[in-house]
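Me: Please take a close look at the largest pocket of this model. I would like one connected account that begins with the lining and then follows the fold outwards from there.

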Amino acid sequence: MTPHYNVAILGATGAVGQRFLQLLEHHPWFTVKALMGSEHSVGKLYRDATQWMLESELPTCYADMKLVSSHTTALPPDIDIIFSAIPAEAAREIEGAFAKAGYSVFSNTRTYRMEKDIPLMVPEVNPLHLALIKQQSRRGWKGCIITNPNCIVIPLVMALKPLHDAFGVTHVIVSTMQAISGAGYPGVASLDIVDNIIPYIADEEEKIITETQKILGTPKAPARIKISPSCHRVAVVDGHTIDARIGLQRPATATEIIEVLRNYTNPLASLNLPSSPASCLTVLEAPNRPQPKLDRMRGNGMTVCVGRIRPDEVLQNGIKMIILGHNTIRGAAGGAILNAEYYLAQKKYRV
Ligand code: NAP
């Protein structure tokens with residue numbers, strides 16, 4: 001029998017909130033029953049409160065829904081799950097209150113990601129980290145919070161995981177080229193980004209280091225990988241690109257690297273989760289791929305693409321490659337929905 005859950009969206013009007021609505025419109029397990037916004041949107045119809053900016057039409061089923069406030073008391077009684085896309089400053093209180101009240105909260109926000117009893121999940125990469133949920137005994141919550149990482153960390157760890165398993169990753173040097181939608185709506189001013197590259201994204205480099213180490217480590221200890229990131233905002237609408245240089249414990253040729261990435265089997269395949277793509281990682285051979293415009297929608301935006309795999313002469317046992325992931329789908333809303341599907345399929349950990 002197909003499972004069924006009623007869900008509510010925190011931050012429904014924003015860049016990630018809109019993706020949630022688009023991805024959930026025909027979701028076989030989840031029905032969106034409530035949309036939440038900040039206090040200035042409460043009481044407005046969704047179509048009046050949001051600047052819809054996705055390529056598909058604003059689904060009619062949401063257009064006339066009224067935004068409710070981001071408080072547990074504002075929700076109808078039959079909600080099971082909260083998907084959250086609110087700013088970090090608001091998340092501690094709001095997400096915490098929902099988790100305390102008994103909801104399962106799937107968050108895109110950085111606030112709780114690095115806390116010991118909060119899973120930071122990319123289920124194809126660290127499925128066992130779900131065991132970190134100890135929030136009932138530690139915090140007295142009736143529900144829980146499960147987070148997905150920063151939008152640039154998701155494609156990075158998906159490409160690193162098979163290499164770490166096969167050869168041991170010791171060093172990672174990354175330069176990122178991050179899309180404008182990663183800054184939310186309205187995000188970066190057009191006069192700042194058109195004809196330009198901005199070589200700074202606040203707090204992003206620290207998150208790449210700590211979140212990557214947490215995800216690639218065990219549930220008890222972070223991975224001992226040295227990471228040196230440099231982040232840039234570029235004039236691309238969607239799709240984050242990473243130039244990654246990777247040092248390995250054991251030497252590997254480019255051909256061996258390609259083989260390992262190609263043979264990486266999706267550990268979720270047998271679960272038949274609705275948002276899990278047939279191939280979570282794709283290796284592209286053309287020398288000028290991956291490109292955000294051409295490759296970000298592979299696997300409905302859930303597949304991470306890797307290309308330009310070649311030796312790096314500077315790092316010990318070095319290899320370099322380009323990695324691409326869709327930031328608001330795989331890196332945000334789609335990632336959180338997959339986390340929820342995975343969590344619900346793992347009865348052992350459910351609260
Ligand atoms: P955004 O476009 O600025 O949207 C922010 C949303 O949060 C809006 O719906 C806004 O509602 C709501 N909000 C703002 N202040 C609030 C408050 N005090 N209480 C309740 N709701 C509030 O931002 P975004 O890009 O969607 O990002 C949302 C979160 O996801 C952030 O934490 C971000 O770091 C994270 N994230 C973003 C991406 C990405 O690619 N954009 C990827 C991964 C993670 P109103 O419109 O009603 O004000």
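Reply: In what follows, a helix is a DSSP run of H or I with at least four residues, a strand is a DSSP run of E with at least two, and both are numbered from the N terminus. The model is predicted, and the account below should be read with that in mind.

The largest pocket holds about 1200 Å³ of space. It is lined by 49 residues, and those closest to its centre are Val16, Ala85, Ile86, Pro87 and Gly184. Helix 1 (15-24), helix 4 (88-100), helix 8 (204-216) and helix 11 (329-345) are the elements that each give two or more residues to this lining; helix 4, with four residues, provides the largest share. Sorted by class, the lining consists of 23 polar, 18 nonpolar and eight charged residues.

Two of these helices can be placed against an open sheet of five strands, in which the order is 2-1-3-4-5 and the pairing is parallel. Its edges are strand 2 (30-36) and strand 5 (144-147), each of which pairs on one side only, and from one strand to the next the twist averages 25 degrees. Within this sheet, strand 1 (residues 5-10) is joined to strand 3 (residues 81-84) by four bridges in the parallel sense, with Ala8 standing opposite Ile82 of strand 3. Helix 1, one of the contributors to the pocket lining, lies across strand 1, strand 2 and strand 3, at about 160 degrees to strand 1. Helix 11, also a contributor, lies across strand 1, strand 2, strand 3, strand 4 (104-107) and strand 5, and runs at about 145 degrees to strand 4.

Helix 8, another contributor to the lining, can be followed through a salt bridge, one of 18 that a search of the whole structure finds. Its Glu211 pairs with Arg113, and the closest N and O atoms of the two are 2.8 Å apart. Since Arg113 lies in the loop between strand 4 and helix 5 (135-139) while Glu211 belongs to helix 8, the pair ties together parts that are 98 residues apart in sequence.

There is also an open sheet of seven strands, ordered 7-8-6-9-12-11-10, whose pairing is mixed; its edge strands, each pairing on one side only, are strand 7 and strand 10 (281-283). The parallel sense appears between strand 6 (residues 169-178) and strand 8 (residues 226-234), which share eight bridges and place Ser175 opposite Ser230 of strand 8. Strand 7 (residues 197-198) runs antiparallel to strand 8 and is joined to strand 8 by two bridges, with Ile197 opposite Val234 of strand 8. Strand 9 (residues 240-248) and strand 12 (residues 318-325) are likewise antiparallel, over eight bridges, and Arg245 faces Lys320 of strand 12 as its opposite number.

Two helices lie across strands of this sheet. Helix 6 (residues 153-167) lies across strand 6, strand 9, strand 10, strand 11 (304-312) and strand 12, running at about 160 degrees to strand 6. Helix 9 (residues 254-262) lies across strand 9, strand 10, strand 11 and strand 12, and the angle given for helix 9 is about 160 degrees to strand 11.

The loops add some backbone details that a modeller may wish to inspect. The loop between strand 6 and helix 7 (190-193) contains Pro186, and the peptide bond leading to Pro186 from Tyr185 is cis, with omega near 0 degrees. Val188 is found in the loop between strand 6 and helix 7 as well; leaving aside residues up to four places away in sequence, Val188 touches Ile180, Ala183, Ile193, Ile198 and Arg233. By contrast, 31 Å separates the C-alpha atom of Val188 from that of Ala97, a residue 91 places away along the chain. A cis peptide bond also joins Arg289 to Pro290, with omega near 5 degrees, and Pro290 is found in the loop between strand 10 and helix 10 (292-295). Finally, Asn272, in the loop between helix 9 and strand 10, has a positive phi of about 50 degrees although Asn272 is not a glycine.

Key. Residues are numbered from 1 along each chain as its sequence is written. This is a predicted model: local features need pLDDT of at least 70, side-chain atom pairs count only at pLDDT 80 or more; totals for chains, interfaces and linings use all residues. Side-chain values use heavy atoms; hydrogens and water are left out. On a 1 Å grid over the protein atoms alone, a cavity is a set of points where a 1.4 Å probe fits but cannot get out, and a pocket is an open set with protein on both sides within 12 Å along at least five of seven lines; lining residues have an atom within 4 Å of a point. Grid points are joined across faces, edges and corners, and a volume is the space filled by probe spheres set on the points. Ala, Val, Leu, Ile, Met, Phe, Trp, Tyr, Cys and Pro count as nonpolar, Asp, Glu, Lys and Arg as charged, and the others, Gly among them, as polar. Two strands pair if DSSP finds at least two bridges between them. Axes are lines fitted to C-alpha atoms, for helices over the stretch in contact, and angles run from 0 to 180 degrees between N-to-C directions. Contact means heavy atoms within 4.5 Å. A salt bridge is a side-chain nitrogen of Lys or Arg within 4 Å of a carboxyl oxygen of Asp or Glu.
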